[in-house]
Amino acid sequence: MCEQATGAMAALPFTVNSSNRNGGRGGDVYILPTPHLTTLSSVTARPRAQHGGGGQGTWQNGKNAPPLIIRVPLGTIVRELPPDDPRRSKNEYEAEAEALQGLSPQERRAKMREKRWVHYPEYADDNAQREDFKHAERVLFAQERERRRMRRLRAENPIYLDLDKPEEAAEAADPNAPLGHRRSEPMGHLIAHGGAGGLGNPAFLSSTNRSPKWATRGAEGERISLSLELKLLADIGLVGMPNAGKSTLLRALTGGRARTEVAGYAFTTLNPIVAVVRVAEDGSFDGDVEGAVHEETRVEEAHERALLDSGALADTLTRNQRRAQDAVLAEADPFAALEAFRFTVADNPGLIEHASANVGLGHAFLRSMERSHALVYVVDLSMPEPWEELRVLQDELEQYKPGMSEQARMVVANKADLLAGGADASAEEIEAARAKLKRLETFVAEEMRVPVRDADGTVVGGRSLDVVPISAKFSMNLKKVVRLMRTYVEEARERKAASS
C-alpha cells in the first residue's frame, strides 16, 4: 500500500522578550521510523513544534522547547517537495516576501522591524534614531543573510529519506556499553530547525547605552514541505487482472480475517490491502478449514441482513460484550500457541494491459510491491486463454520497473473448481479444464523462466515458476500455496540475514 501525506513542517521560533534574559529556542522537528506503526494516519498535515519559553527576571534565560518527533511506519519514503510542486507551501522567507508585496520601501522597513523587534512603550521612534539600535539592526540582518545563505545551500540537496530500518542509539548498538547508565532514546532525522530565541535587552548593553529599550523577537523557525510515501513491506505481493480472485484468495488464506471487497465486477479493490497469514508447526493455517466458502461481499451482506430481519441475531452480543469476549479468546487462542511462522500478503488492485499508459487504475500502486520478497501471479483458469493474462502481467511489471518480474515465484490458477469434478460437471468440461491447465503449465515452463542472479547481479542460471491450481472460493488446495509462500519468505529472510 502506498499512502501519501504532504504538509508544511514548521519548527516554531522564539518567545518575545524584553527587560529580561534571552528567550528559549523553538523546538526542532524530527522524523522517526517506528516498527509498530502501519499507516500514516497519525501524521497531521501541518505538525508544529512548541514555542520556546520566555526569558525571566533575575537573569534567567527562557527554556528551550522540546523537539517534536513525528513517528512514521517503517518503509516510509520522505521527500522534500520541489519549488514548482503545487502542493508545496511557502517557506518562512517566501511567506514574508509575499506579505511585503505592494508596500512602499518605508512601509516594508517598518513591517520588517515590527516582526523582528519589540520596544518599550513609546520608545520605538526614539530607538530608531539611536546609533546603538542601528548597529544592532545591521548585525541582526547580517545574521539573517547568513541563515538565508545556509538555507539555500541545503535546498541544493533536498531531503530524501528511505526509512526502512528502525533507529537505534549508539549506546544500544554497542554491546560493551557500561551497564546502569541512562541511554538516550533515538530521535530520528532532523528535518526542520527551530528558531533562535529572542535576545533580551541586557544583550544590547554597551558603554554608551546602559539601559537599552529594545529586544528581539527571535528568528522564525523553518518551514519544510514534505511528501510522505509509505511502501508497505509485504512479504508476498499478489498480481493479477481484475476479477482474478486475489481478494477472495486473501480472505481464504486468513480465514476471513482480511475484510476485502469481493464482487463480480472489475476494480473492486482500489487500494492495496495487507493481511497476516499464520502457519502452525503441522503446516495448517488460519484459513485451513474444510468446507469454508467465501462468497461475494454482496451475498454475505444480504445473508446477514436476512438474519437480522428474521430476528435470528436478537441475542447477538453488544459491541462492548464482543470486545470483552474477543480479549478472552485472544488469550486462549489455541492457534496462537501453535503458531510457528507468519508472513504478510498484499492484495493489490487489478492490473490490466496498458496500465503503464494510465489505463484503468494505472500501475502507481505497484510501488507497494517493490520490496516484497516474492510476487505471485493470480490468473482466472476459467478464462479462455489464462496464459495471455500472464503475458500481459509480466509486460506491465517490466514497463513499471525493468527487472521487477524477476521477483515472481508462483502462478496461482484460481477458479479451478472443475478439476475436482462435481455433480454439475460433465466429463468433457473436466477434461477441457485439465487440458487448459496443462497448456498453462507448458507456457509457464517455456515462456516465463526467471533469471537467477548472484550478489553482483550476474545471471548464473534460471528457474521456473511454480504453478498451483486452486479454488479460493471453496478453500481448495490452499495448503500447498501457503507451504510454497512460506518457503519463499524463509529463503529471502535467510539471504537478507546473511548479507547484513
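A residue counts as buried when its relative accessible area is under 20%. Arg151 meets that cut-off, because its relative accessibility is 11%. The model is predicted. The points below start at Arg151 and its helix, then turn to strands, an enclosed helix and selected loop residues.

**Arg151 and the α1/α4 contact**

- Arg151 lies in helix α4, which spans residues 131-155.
- Beyond its neighbours within four places in sequence, Arg151 contacts Asn91, Glu92 and Tyr93. Glu222, Arg223 and Ile224 are also in contact with Arg151.
- Helix α1 covers residues 92-100 and packs against α4 at an angle of about 120°. The two axes are 11 Å apart.
- Angles of 65 to 115 degrees count as roughly perpendicular, and those over 145 as roughly antiparallel. The α1/α4 pair is therefore oblique.
- From α1, the residues that meet α4 are Glu92, Tyr93 and Glu96. From α4, Glu144, Arg147, Arg148 and Arg151 take part.
- By class, this contact has 6 charged residues, 1 nonpolar residue and no polar ones.
- An α-helix has 3.6 residues a turn, so residues three or four places apart point the same way.

**The three-stranded sheet**

- An open sheet is built from 3 strands in the order β3-β2-β7, with mixed pairing.
- Strands β3 (68-73) and β7 (189-192) are the edges, and each pairs on one side only.
- From one strand to the next, the twist averages 35°.
- Strand β2, residues 29-34, pairs with β3 in the parallel sense. This pairing has 6 bridges.
- Ile31 has Ile70 in β3 as its bridge partner.
- In a regular strand the side chains alternate between the two faces of the sheet.

**Enclosed elements: β9 and α6**

- Strand β9 runs over residues 223-231. It is largely enclosed by the rest of the structure, because 8 of its 9 residues are buried.
- β9 is joined to strand β4 (residues 76-80) by 5 bridges, and the two run antiparallel.
- Val78 stands opposite Leu228 in β9.
- Helix α6 (residues 246-253) has 8 of 8 residues buried, so the rest of the structure largely encloses it.
- The buried residues of α6 include the charged Lys246 and Arg251. Ser247, Thr248, Leu249, Leu250, Ala252 and Leu253 are buried as well.
- Gly255 comes just after α6 and takes a positive phi of about 65°.

**His373**

- His373 sits in the loop between β12 (339-347) and β13 (374-380).
- Its relative accessible area is 26%, so His373 is partly exposed.
- His373 and Asp235 are 138 residues apart in sequence. In space, their C-alpha atoms are 5.0 Å apart.
- Not counting residues up to four places away in sequence, His373 touches Ala234 and Asp235. Gln407, Val489, Ala492 and Arg493 are also touched by His373.

**Positive phi outside glycine**

- Glu122 has a positive phi of about 70°, although it is not a glycine. Its place is the loop between β5 (117-119) and α3 (124-129).
- Glu122 is exposed, because its relative accessible area is 83%.
- Ser475 is another residue other than glycine with a positive phi, near 55°. Ser475 belongs to the loop between β17 (466-469) and α12 (478-499).
- Ser475 is buried, because its relative accessible area is 15%.

Technical notes: Residues numbered from 1 in each chain as written. Predicted model: local features only at pLDDT ≥ 70, side-chain atom pairs only at ≥ 80, totals over all residues. Heavy atoms only, no water. Helix = DSSP H or I, 4+ residues; strand = E, 2+ residues; numbered from the N terminus. Buried < 20%, exposed > 50% of the residue type's maximum accessible area, 1.4 Å probe, protein only. Contact = heavy atoms within 4.5 Å. Axes fitted to C-alpha atoms, helices over the stretch in contact; angles between N-to-C directions. Parallel < 35°, antiparallel > 145°, perpendicular 65-115°, else oblique. Pairing = 2+ DSSP bridges.
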